Amino acid sequence: MSFRVSLSFLRKEARSTLPGKSSLRGFTLIEIILSLALLTVIAGASFITSRTLIIDADLDAAVIAFVEGVRGAGMRSRGSDGDNQWGVSAQSGNIILFKGTSFAARDTTYDAITTIPTTITPSGTTEIVFAKLTGLPTSTGTLTLTGLQGQTRTLTINAKGTLSY
């Protein structure tokens with residue numbers, strides 16, 4: 001006894017619904033337009049996301065540069081490096097570690113410049129000077145770094161020279 005199973009439902013037969021039309025299949029214009037629209041939306045979303053991530057990374061790098069400048073200035077002041085005070089200044093495009101009682105009265109030959117993206121705008125307390133020997137800041141305050149799309153990073157220095165960010 002033998003059994004025969006019909007698998008005809010698995011076979012697709014090319015049938016034309018209109019007489020004289022070919023049974024060739026392809027993409028319709030609407031399918032192509034919808035595919036292109038979907039790809040455009042995906043590309044736009046990925047561009048916006050990547051731009052935001054780049055700005056966030058730039059802000060984080062600027063924070064690290066300022067923190068390193070503050071720590072370096074405090075350490076050099078405590079060690080009386082060059083028998084002078086040291087400070088750090090945040091400007092558009094640069095974080096500058098300087099020797100002197102203020103950024104305006106600094107000795108430019110000792111400047112240590114760290115470049116940050118010019119798209120980041122510093123505001124608030126942009127200059128901090130540390131006292132010789134004690135290494136305590138002569139001023140306290142808050143520095144705010146702002147990116148292109150309004151993202152911010154805030155750094156606060158207290159009277160003991162401790163940074164919060």
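**Helix H1, its sheet and the nonpolar core**

At 1.5 Å a residue, the 50 residues of helix H1 should span 74 Å, and because the C-alpha atoms at the two ends of H1 are 74 Å apart, the expected and the computed values agree. The model described here is a predicted one. Helix H1 comprises residues 29-78 and is followed by Ser80, a residue whose phi is positive, near 50°.

Helix H1 lies across four strands, S1 (86-91), S2, S3 and S5, and runs at about 160° to S1. These four strands form an open sheet in the order S3-S2-S1-S5, in which the pairing is antiparallel. Strand S3 (107-115) and strand S5 (127-130) stand at the edges and have a single partner strand each, so one side of each is left without a neighbour in the sheet. On average, and with direction ignored, neighbouring strands of this sheet are turned by 20° against each other. Within the sheet, strand S2 (residues 94-99) is joined to S3 by five bridges in the antiparallel sense, and Ile95 stands opposite Thr114 in S3.

Strand S1 contains Ser89, which counts as buried because its relative accessibility is 4%, below the cut-off of 20%. When residues up to four places away in sequence are not counted, the contacts of Ser89 include Asn94, Ile95, Ile96 and Phe98, as well as Phe103, Thr126 and Glu127.

A second group of paired strands involves S4, S6 and S7. Strand S4 (residues 121-124) pairs with S6 in the antiparallel sense over four bridges, with Ser123 opposite Thr144 in S6. Strands S6 and S7 also run antiparallel and are joined by six bridges, and Leu143 stands opposite Leu155 in S7. The two strands S6 and S7 form a hairpin with five residues between them, and Gly150 in the turn has a positive phi of about 90°. In a regular strand the side chains alternate between the two faces of the sheet. In S6, the covered face holds Gly141, Leu143 and Leu145, whereas Thr142, Thr144 and Thr146 belong to the uncovered one.

The largest nonpolar core has 23 residues, of which Phe66, Val70, Ile95, Ile128, Leu145 and Leu155 touch the most other members. Two or more residues of this core are given by each of H1, S1, S2, S5, S6 (141-146) and S7 (152-157), and the largest share, nine residues, comes from H1. Leu145, not counting residues up to four places away in sequence, touches several residues, among them Leu59, Ala62, Val63, Ile120 and Leu155.

Notes: Residues numbered from 1 in each chain as written. Predicted model: local features only at pLDDT ≥ 70, side-chain atom pairs only at ≥ 80, totals over all residues. Heavy atoms only, no water. Pairing = 2+ DSSP bridges. Axes fitted to C-alpha atoms, helices over the stretch in contact; angles between N-to-C directions. Contact = heavy atoms within 4.5 Å. Buried < 20%, exposed > 50% of the residue type's maximum accessible area, 1.4 Å probe, protein only. Core = buried A, V, L, I, M, F, W, Y, C linked by side-chain atoms within 4.5 Å. Expected span 1.5 Å × (residues − 1).
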